[in-house]
Amino acid sequence: MSKSNDFNDENSNTSANPTFDSVLQARLSRRGLMRGGVGTVGVSLLGGMGLAACGGGDDDVVAAGSGAKADAKLLGFTAVSKSLADSVVIPAGYTASVIYALGDPLKTGVAAYKNDGTDTDYENRAGDHHDGMEWFGLGTDNKPSATSTTRGLLAVNHEATTDETRSSFFLHADGGTTTLPRPAAEVDKETAIHGISVVEVKATNGKWATVPDSAFNFRLTSLSENIQIHGPARGNALMVTKYSNDGTKTRGTLNNCGTGKTPWGTFLTGEENWAGYFFRSATDDTTRGGATANSVVSLKRYGRNAGSASRHGWETGGVDDKYARWNISQGVGAAIEDYRNELNTFGYIVEIDAYDKTKAARKRTTLGRFAHESAAFGKPVVGQPLAVYMGDDSRGEYIYKFVSAKTWVAADANPTDRITTGDAYLDDGKLYVAKFGSDGKGTWIELSIANPLIANYATYDFADQADVLVNARLAADAVGATKMDRPEWCSTNIANGEVYFTLTNNSNRAINSATMPPDSANPRVYTDIKNSSSAQNGNPNGHVLRLKEDAPGNAAVSFTWDVYVFGAESSAAPGTVNLSNLTGDQDFSSPDGLVFSPATGIMWIQTDDGAFTDVTNCMMLAALPGTVGDGAKKTLTYAATAGTLTVDTYVGKAPGEDNLKRFLVGPKGSEITGLCETPDGKAIFVNIQHPGESTAQADIATPAKYQSQWPSNAGYGAGQRPRSATIVITKNDGGVIGS
């Protein structure tokens, strides 16, 4: 959640490109402002159990939805109430169990996690801040299996760590050091808990657990060697560093957030808010040639100003290269002598073969460089190119689509060499950015050096196509892409191929803003009052947008869009804020994680909220969405400096209580993020990230003052320090999840 030093709150889009056809859309008139109030709703506070169940939903009913059992109605469960308890709350008839938490061993001989700040060897333990996650089935022959329901691999992102001022304080016995220089031993722990992990999980007599001694288990951290650069930027001058004189590799992957799974069976992980981990000196702008120098423009566009503090101060851990690489100040010699270009090697979709830890991970530069969340494939069709949809999670950033040059070949669904198959589809293609129109239509604009708007862009001098991809944000600025309310996860509706995007919130959206006024796809500007006194402004509750390509096949260059649902408190004004008519069983704020179940077609929405947390902890909802265009146009009217501002938007049919229900509420201070399932839909894996995040570092020695003690209060593991963890949810009657 928001803190004074929140490096996840990057905010660097100061481009003047118009938002969302604003010239056509934002009509000024003399009509008055239609205002609506914001209220609060009641909450049922649950007891102190670590894992709780409430409501009903065990009745035998008629089937609905792709892949569901014939005796199960989707969303047949009773919605859980909002909760402020330090528990995981799920519907009656379901069981949730913790199976994989920060520090859990991944190798024989690694000691059990003491959770008191004295643990080490994090390269062989579960990392922190579990985030996006994918399932990879394993057969009894130890080979990939599309049908295995009791054994598989979980590929898990470890995005970040709980910190207040520099130190990942729960990792250190005394809370760690907040002043510079940081001790090397502390830095070594913190760099190791970032990245990804792959862990084998297995169900025995219906009980799931990890397999700590599995030969499949492995970690990639922020310092893992030989991460390959692939695509047009491979070998480019922008990638040359002291570590890689030829610009073909880098160390590690960092701030891994959303995920994806390729049609050929590999894991995709998105590098999100990585820029804040690096430091450059106060004089670095001058050294690089001044404010208009290309590298300075690029660094600032990606959130790294000269002299700004880094998130953890890792660059001060010592003289060794593993510390020096976090200081990206330009030296006096050539690029091969320092790490001036190190930032350019982060911010990509990274492909990993979860089944084979001997294969080097590959950063796919063709998919562009920005604060990546998930990567959602359009439906693969033989003979047609593949599409990958992506969002850039920062205020006012963009939605992207990649289209492969190679067309899909059915045999590639089961290749002998998975990672090389990725080369064929993800190293060559076109990257597009979205521009939304006020008429409910939109276009994909190719980010190409051949586009005169990019080639002749006055703000930045692009050298070649690799430069366009490495600086995709600047290229998108150049073509006038639509600034969005923090595009987070995206997912493809398996029923019809429509693509959904979570737009989590945007405090910069303002009526009289010169650069970010409300527009059709981001139409709301309002105030949400938190704790009866704190004003949350802009679009604090977020929304879920969806689009339908206008032509069959993944290469379409235009689309139709609407807003599936607007986040809001149920008591908020229906005409201006609660535009989706949400009730108390389905109201939510700040949608983030978004996953469609292959087994049932249910769309799972997960929240990472700060505006609604006076009423409830973060949550997960189950949805049965309709289709683009099933609702109607609505017009919002705002008082503006020059009169009134009217904004047309397109709102999907109100979901109603049968089509959108709250399924889970998490422990105190946690974000709910990441979801995958067994092929039969009877077990889902969900990540609980950073419980107890608002604990003060000064209270590290006083567990009673921790905001959360989960999952130890659920009976999992030693110590009382809160830990990010993966849970598994099953239905007591053996049915599919969400029925």
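This report covers the cores, strand pairings, cavities and unusual backbone sites of a predicted model.

## Basis

Residues are numbered from 1 along each chain as its sequence is written, and side-chain values use heavy atoms, with hydrogens and water left out. In this predicted model, local features need pLDDT of at least 70 and side-chain atom pairs count only at pLDDT 80 or more, while totals for chains, interfaces and linings use all residues.

## Nonpolar cores

The largest nonpolar core holds 50 residues. A nonpolar core is a set of buried Ala, Val, Leu, Ile, Met, Phe, Trp, Tyr and Cys residues joined through side-chain atoms within 4.5 Å. Buried means under 20% relative accessible area, exposed over 50%, and partly exposed in between (1.4 Å probe, protein chains only). Met390, Tyr400, Val433 and Leu447 have the most contacts inside this core. Elements that each supply at least two of its residues include strand 17 (385-392), strand 18 (399-407), strand 19 (429-436) and helix 9 (472-478). Helices (H or I, at least four residues) and strands (E, at least two) are DSSP runs, numbered from the N terminus. Helix 9 gives the most, with five residues.

Val433 has contacts beyond four places in sequence, including Tyr400, Trp444, Leu447 and Ala476. Contact means heavy atoms within 4.5 Å. Apart from this core lies another, of 46 residues, among them Ala101, Phe596, Ala623 and Ile727.

## Helix 4

Helix 4 (294-301) also supplies at least two residues of the largest core. Its buried residues are Val296, Val297, Ser298, Leu299 and Arg301. They pack against helix 3 (284-288) and helix 9. Gly303 follows helix 4, with a positive phi near 85 degrees.

## Sheet and hairpin

One open sheet has six strands in the order 11-10-15-14-13-12, with mixed pairing. Two strands pair if DSSP finds at least two bridges between them. Strand 11 (249-250) and strand 12 (256-261) are the edges, and each pairs on one side only. Strand 10 (residues 227-230) and strand 15 (residues 362-364) are parallel, joined over three bridges. Here His230 stands opposite Arg364. Helix 6 packs on the sheet and touches strand 10, strand 13 (267-271), strand 14 (349-352) and strand 15. The direction of helix 6 makes about 15 degrees with that of strand 15. Axes are lines fitted to C-alpha atoms, for helices over the stretch in contact, and angles run from 0 to 180 degrees between N-to-C directions.

Elsewhere, strand 23 (residues 526-530) and strand 24 (residues 534-538) run antiparallel, with five bridges. Ile529 stands opposite Ala535. The two strands form a hairpin with three residues between them. In the turn, Asn531 has a positive phi of about 55 degrees.

## Cavities

There are two cavities of 30 Å³ or more. A cavity is a set of points on a 1 Å grid over the protein atoms alone where a 1.4 Å probe fits but cannot get out; lining residues have an atom within 4 Å of a point. The largest has about 50 Å³ of space. Grid points are joined across faces, edges and corners, and a volume is the space filled by probe spheres set on the points. Its lining includes Asp128, His129, Phe170, His690 and Arg723.

## Backbone sites

Leu180 and Pro181 are joined by a cis peptide bond, with omega about 0 degrees. Another cis bond joins Trp710 and Pro711, with omega about 10 degrees.

Asn115 is not a glycine, yet its phi is positive, about 60 degrees. Asn115 counts as buried, at 3% relative accessibility. Asn142 also has a positive phi, near 65 degrees, but counts as partly exposed at 41% relative accessibility.

Notes: 1 Å grid on protein atoms, 1.4 Å probe; cavity = no way out; pocket = protein on both sides within 12 Å on 5 of 7 lines; lining within 4 Å.
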